Amino acid sequence: MATKVQNTQLAFDGSAVTRSRFRFAPGEYDELRELAAEHRVECDFHYNDDPHAGARVLYLRPERERQPIFKLVYDDPWDEPGNGRYSDTICEWCNDNGYAEENDFGPFYCERGQHAVIQRNPSNGWRGYEVNDPEADDDEYTPCCVGCAQRFYKQHGHPREQMDEGQRVRCDFYDHSELRELGWTEGQAFFRNSRSADELEEYHDYCLALIGDGNIVLTDQGTTGIGMGGPDDVTVWFKPS
Ligand SMILES: [Zn+2]
Ligand SMILES: [Zn+2]
């Protein structure tokens with residue numbers, strides 16, 4: 001319990017002034033620190049010393065002030081949309097200046113799942129989670145998360161029109177045991193970095209033949225080591241539609 005201490009000081013004009021102070025007993029400071037810590041929040045997106053940026057550490061007193069921070073909640077792509085696996089604090093300044101989107105591990109908006117998703121794998125920092133939407137053509141770009149894209153491909157395969165038009169192959173790493181469980185069969189492999197038009201044509205013809213036989217197809221690029229460059233080949237998987 002704090003005790004009030006009063007003492008009297010002389011002013012320059014000779015009058016006496018009474019001053020009050022609070023004195024805290026040992027241990028009480030810790031309690032005060034805890035109280036302050038509870039209201040202490042740090043913006044997770046401040047990353048520079050821009051003099052225009054507000055303070056990185058903010059103290060919240062919700063009853064007395066307009067709350068100067070926001071909670072950003074966003075998803076992991078591999079769970080269903082709306083899982084809200086990640087939650088960050090962002091100050092008004094960073095929010096207004098788009099720092100959440102600029103941050104490597106901040107969210108981007110996936111149109112297909114209509115959810116905010118972390119931009120890259122938080123444990124290896126390497127794999128980007130944003131791809132072009134499976135149904136968007138090469139010359140248009142609609143951000144989609146890898147989770148929604150894979151869920152689409154596992155259900156519908158590559159859109160036939162894109163195959164017909166010989167568009168870029170949207171390959172990805174799939175879980176092979178999951179694909180087998182879902183009824184997919186591993187098909188032919190193609191050399192990926194081939195500049196040879198023949199082989200690309202062969203790939204498209206192979207996929208179109210499978211589609212013609214009543215299958216859907218997707219393209220797996222297998223495992224790739226970090227820093228090893230692109231994989232050598234891609235494998236077509238198919239499943240009766
Ligand atoms: Zn900030
Ligand atoms: Zn998504």
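## How confident is the model?

What is the mean pLDDT of the protein, and what percentage of its residues reach 70 or more? The mean is 83, and 81% of the residues get to 70 or more; pLDDT is the predictor's confidence in each residue, on a scale from 0 to 100. This is a predicted model, so local features need pLDDT of at least 70 and side-chain atom pairs count only at pLDDT 80 or more, while totals for chains, interfaces and linings use all residues. Residues are numbered from 1 along each chain as its sequence is written, and chains are lettered from A and ligands numbered from 1 in the order in which they are written.

Confidence bottoms out in helix α1 (residues 28-38), with a mean of 67. It peaks in helix α4 (residues 146-156), at 97.

## The overall picture

The protein has seven helices and 13 strands. These are DSSP runs numbered from the N terminus: H or I over at least four residues for a helix, E over at least two for a strand.

Of the 241 residues, 20% count as buried, meaning that 20 or more other C-beta atoms lie within 10 Å of the residue's own (exposed is 12 or fewer, partly exposed is in between, and C-beta atoms are placed from the backbone). Now for contacts, where two residues have C-beta atoms, placed from the backbone, within 7 Å. Among those between residues at least 6 apart in sequence, 50% link residues at least 24 apart.

## A three-stranded sheet

One open sheet is built from three strands, running in the order β11-β13-β12 with antiparallel pairing. Its edge strands, β11 (185-191) and β12 (215-220), each pair on one side only. From one strand to the next, the twist averages 25°, using axes that are lines fitted to C-alpha atoms and angles from 0 to 180 degrees between N-to-C directions.

Strands count as paired if DSSP finds at least two bridges between them. β12 meets strand β13 (residues 233-240) over six bridges: Asn 215 has Pro 240 as its bridge partner, and Asp 220 sits opposite Thr 235. β11 joins β13 over five bridges, again antiparallel, and there Phe 190 partners Val 234.

## Helix α4 and its cover

Which residues of α4 are buried? They are Val 146, Gly 147, Cys 148, Ala 149, Gln 150 and Tyr 153. Their cover includes β7 (107-110), β9 (130-132), β10 (143-145) and β12, and β12 is also an edge strand of the sheet above.

Right after α4 comes Gly 157, with a positive phi near 70°.
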